[in-house]
Amino acid sequence: MFRLRAPGKKPITITTPTTSTSASNFLYWSPESSPTAVSSPTAMDPIIWSNLPNHILDHILSFLPFKTLVSLRSTSKHLRSLILSPTFLSDHSFSLPSFLLLSHPQAFQSFPLFDPNLISWRTLPLPRSLSLTCASSLLSSSHGLLCFSVSPSSASSLSVFNPLTRSSRSIKFPFYPFPFELLSLVAFPDSYRIFTISSSSSTSRSVCLYDSGDRSWRIFGGVDQVLPRGFNQDGVFYNGSLYFVRSEPFLLVSVNLDDGKWTAATGDGVFPAEDEITFARLVTDPEKKILYMVGGIGSNGICRSIKIYEFKRETESWIEAETLPDIVCRKFTSVCYHNYEHVYCLWHKEMICVCCYNWPEILFFHVGRRTWHWVPKCPSLPEKWSCGFRWFSLVPSLSASV
């Protein structure tokens, strides 16, 4: 037990219990609450601790529970930079779980979370500032950050939220009104970008890119030539660009997040002929930087089989990697009622998840094990919830800054 106090700052008392608190309990903790204090603590001279070498502070911090570390981030800039440094985070790994997050229009104050490792459900409560306006308007997630649409009575904006540190930032739209579609949040180690398409008029659409580095929007044209109106599949980030796939006719298009330029490439190789594709969805493995596609194969608009393809960047061709077993394929096609506009895909920790807006379960393929599984329905979902299911990958990150 000891106290830390920066010059001119209120001291903070730190206690190290005999059993440390697991980082996996972060969902049930509010970082606004102060660490536990004890009677008559012995205060350390601020001059002494503020001049301690970084390797001594690093050693002291390594004994603290995860909850206290999060609180210390706001104590001083020095401690914040030390705790969030790549060296500290890599040397003191935290057993943070990752989740599949379920959003639904009838959920207002919390999200159901599924832990694939423990095969169990948890709950992510939202802070009071977001719970009434944002719970049903989650738009995108990336590397521990969530992006919401906020619509108060006065104006509309976006909110980027880190559920681990409980920090958020409001982002104003570049102009009003701001009708938008296909919004994607792309987070990097020290920043993030937001991509969306805005219909500023009835005749043209624009690509709008927000950069958290300079907190500004940039607007580009050219979207009408590559993506038709009514296209509703989100893009995936790969090789510095956001990629989209069209199935009629089959076309792979991408937009560079630096300059807003579009490129297009046809899918040659072993991918089937255009008239055999019923739907196509993209996912990407951000660690191995591999682009995958889930393709529905059939005829006359009816899917008979579902395959997974891997994109070879060197040859710009698709290589077949996996086929969904027939019995599982029949169940999935019956779930979506052959309405493939309701089908979407996402990547989560070595898993390619195939989802449907009108079905509360997830079909996923574990790439490493090459096995197919169903994520069971959340037990807290009422039976009357029959559509509007949106799944997101949530990988908590202490260093993800809003």
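## The E23–E24 hairpin

Strands E23 and E24 make up a hairpin in which two residues lie between them, and one turn residue, Lys-349, has a positive phi of about 50°. The model described here is a predicted one. The two strands of this hairpin run antiparallel and are joined by six bridges, and His-348 of the hairpin stands opposite Met-351 in E24.

Strand E23 is mostly covered, with six of its six residues buried. Val-343, Cys-345 and Trp-347 point one way from E23, while Tyr-344, Leu-346 and His-348 point the other way, and all of these residues are buried. His-348 thus appears in two roles in this description, being a buried residue of E23 and also standing opposite Met-351.

## The sheet that contains the hairpin

The hairpin strands belong to an open sheet of four strands, whose order is E23-E24-E25-E26 and whose pairing is antiparallel. The edges are taken by strand E23 (343–348) and strand E26 (371–375), each of which pairs on one side only. On average, and with direction ignored, neighbouring strands of this sheet are turned by 25° against each other.

Further along the order, strand E24 (residues 351–356) runs antiparallel to strand E25 (residues 359–366), and five bridges join the two. Within this pairing, Cys-356 has Trp-359 in E25 as its bridge partner.

## A second four-strand sheet

Another open sheet is formed by four strands in the order E10-E11-E12-E13, and here the pairing is antiparallel. Strand E10 (180–187) and strand E13 (216–220) stand at its edges with a single partner strand each, so that one side of each is left without a neighbour in the sheet. The neighbouring strands are turned by 20° against each other on average, direction ignored.

Strand E10 is joined by six bridges to strand E11 (residues 192–198), and these two strands run antiparallel. Leu-185 finds its bridge partner in E11, namely Ile-194.

## Ile-119, an exposed loop residue

Ile-119 is placed in the loop between strand E4 (110–115) and strand E5 (120–125). Is this residue buried or exposed? Ile-119 counts as exposed because its relative accessibility is 63%, and the cut-off for that class is over 50%.

Although Ile-119 and Val-375 are 256 residues apart along the chain, their C-alpha atoms are separated by 8.5 Å. The range given for strand E26 is 371–375, and the number of Val-375 falls at the end of that range.

Terms used
Residues numbered from 1 in each chain as written. Predicted model: local features only at pLDDT ≥ 70, side-chain atom pairs only at ≥ 80, totals over all residues. Heavy atoms only, no water. Buried < 20%, exposed > 50% of the residue type's maximum accessible area, 1.4 Å probe, protein only. Pairing = 2+ DSSP bridges. Axes fitted to C-alpha atoms, helices over the stretch in contact; angles between N-to-C directions.
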